[in-house]
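Q: I would like to learn how to read a protein model step by step. Could you take me through it slowly, giving the general idea before the particular case?

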Amino acid sequence: MLPVLTAGMILMLLLILALHGRKMKELERENEILQSYMYTVEEFYQGIQSRIEASRRYRHDLAKHIQTLERLLENQKESEEIQVYMEGLKDEYEELGRQRFCRDEIVETILYIKNMQCEEEKIPTEIHVEDRFYKEVEEADMVKLLYNLLDNAIEANQRIKEGETRGIRFLMEKKGEKILIELENYISSEEEFSFATKKDKQADHGIGSEIISSIVDKYHGTRNIEIDKKNNLVTDKIMLLEAE
């Protein structure tokens, strides 16, 4: 009787070890996926920071050029060439300083980049943002949140067949002490709505949605998703509070 009991215990132990080993491999794979995803978002964040710094330096240098030319013009009123050159610099300076969406540089830059992507993909886009700073949300969190929301919306539009309605509408504003973010986007009529990526890069499967949920939780917020199957429209509404 004892040998049978011992064999059974050994078999059970081997089974437990096998299941544990499989679970460890799954956790290692999930960790690799998460690290790869976070690297992509961090790279995007660094690109935003570089763009902001380059823009600031350019504005600073351009302002000095304009000041120098204005001093030259005081002594050379007859120089039409300098006048034309200076006016051109002024136009560039004003265009660079002109914000498209809001004064918050992080939000402005993310929306600018994603709006350019939509233009390249020929996705109609409406962006309405209250002109203010959104410092209640940490920069890294804002990047991850808006990056994932807009990336999901763009990906969904990319899957829509020619002839069907495409488009994205983004709204962001303050509601008292809360920040409201509302994103509407069309989806294909031939598929059920899902956060699972349909891209070839399946490593990103589901992680974007998890990141969004974690940020909503961090800022004691709420998230409500409505699906209009008749019009193939998804509305994702997020309300954030200041993190403790």
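Q: In which pattern do helices and strands follow one another along the sequence?

A: A good habit is to walk along the sequence and write one symbol for each element. In this predicted model, the chain reads α-α-α-β-α-β-β-α-β-β, with 5 helices and 5 strands in the chain.

Q: Which share of the residues is buried in the chain, and what does the accessible surface come to?

A: A residue counts as buried when its relative accessible area is under 20%. Buried residues make up 33% of the 244 residues here, while the accessible surface of the chain comes to about 15600 Å², with 53% of that area belonging to carbon and sulfur atoms.

Q: What share of the contacts comes from residues 24 or more positions apart?

A: Here one looks at contacts with a separation of 6 or more, and in this chain 69% of them are accounted for by residues 24 or more positions apart.

Q: How should I read a single helix, for example H3, and what span does H3 reach?

A: The general idea is that an α-helix has 3.6 residues a turn, so residues three or four places apart point the same way. Helix H3 covers residues 105-121, which is 17 residues, and from its first C-alpha to its last it reaches 24 Å, close to the 24 Å expected at 1.5 Å a residue.

Q: Which residues of H3 are buried?

A: The buried residues of H3 are Ile106, Val107, Glu108, Thr109, Ile110, Leu111, Lys114, Asn115 and Cys118. With the general idea in mind, you can pick out members of this list that are three or four places apart, including Ile110, Lys114 and Cys118.

Q: What is found at the start of H3, and what just after H3?

A: At the start of H3, a side-chain oxygen of aspartate 104 comes to within 3.1 Å of the backbone nitrogen of isoleucine 106. Just after H3, lysine 122 takes a positive phi of about 60°, although lysine 122 is not a glycine. Lysine 122 sits in the loop between H3 and strand E1 (125-129), and it counts as exposed because its relative accessible area is 67%.

Q: Where does asparagine 232 lie, and what is its phi?

A: Asparagine 232 lies in the loop between strand E4 (222-228) and strand E5 (233-240). Its phi is near 55°, a positive value in a residue other than glycine, and asparagine 232 is partly exposed, with a relative accessible area of 22%.

Q: With which side chain does aspartate 151 make a polar contact, and is aspartate 151 buried or exposed?

A: To read such a contact, look for the two partners and the elements that hold them. Aspartate 151 lies in helix H4 (residues 139-158), and its side chain makes a polar contact with the side chain of lysine 114, at 3.1 Å. Because its relative accessibility is 15%, aspartate 151 counts as buried, and lysine 114 is one of the buried residues of H3.

Q: How far apart in space are residues that are separated along the chain, such as glutamate 139 and isoleucine 106, or glycine 208 and asparagine 152?

A: It helps to set the separation in sequence beside the distance in space. Glutamate 139, which lies in helix H4, is 33 residues along the chain from isoleucine 106, and their C-alpha atoms are separated by 6.9 Å. Glutamate 139 counts as partly exposed, at 33% relative accessibility. Glycine 208, in helix H5 (residues 207-218), is 56 residues from asparagine 152 in sequence and 8.2 Å from it in space, C-alpha to C-alpha. Glycine 208 counts as buried because its relative accessibility is 8%.

Methods: Residues numbered from 1 in each chain as written. Predicted model: local features only at pLDDT ≥ 70, side-chain atom pairs only at ≥ 80, totals over all residues. Heavy atoms only, no water. Helix = DSSP H or I, 4+ residues; strand = E, 2+ residues; numbered from the N terminus. Expected span 1.5 Å × (residues − 1). Buried < 20%, exposed > 50% of the residue type's maximum accessible area, 1.4 Å probe, protein only. Polar contact = N/O pair within 3.5 Å; in protein donor to acceptor, adjacent residues only side chain to side chain. Contact = heavy atoms within 4.5 Å. Areas by Shrake-Rupley, 256 points an atom, 1.4 Å probe, with all protein chains shown as cover.
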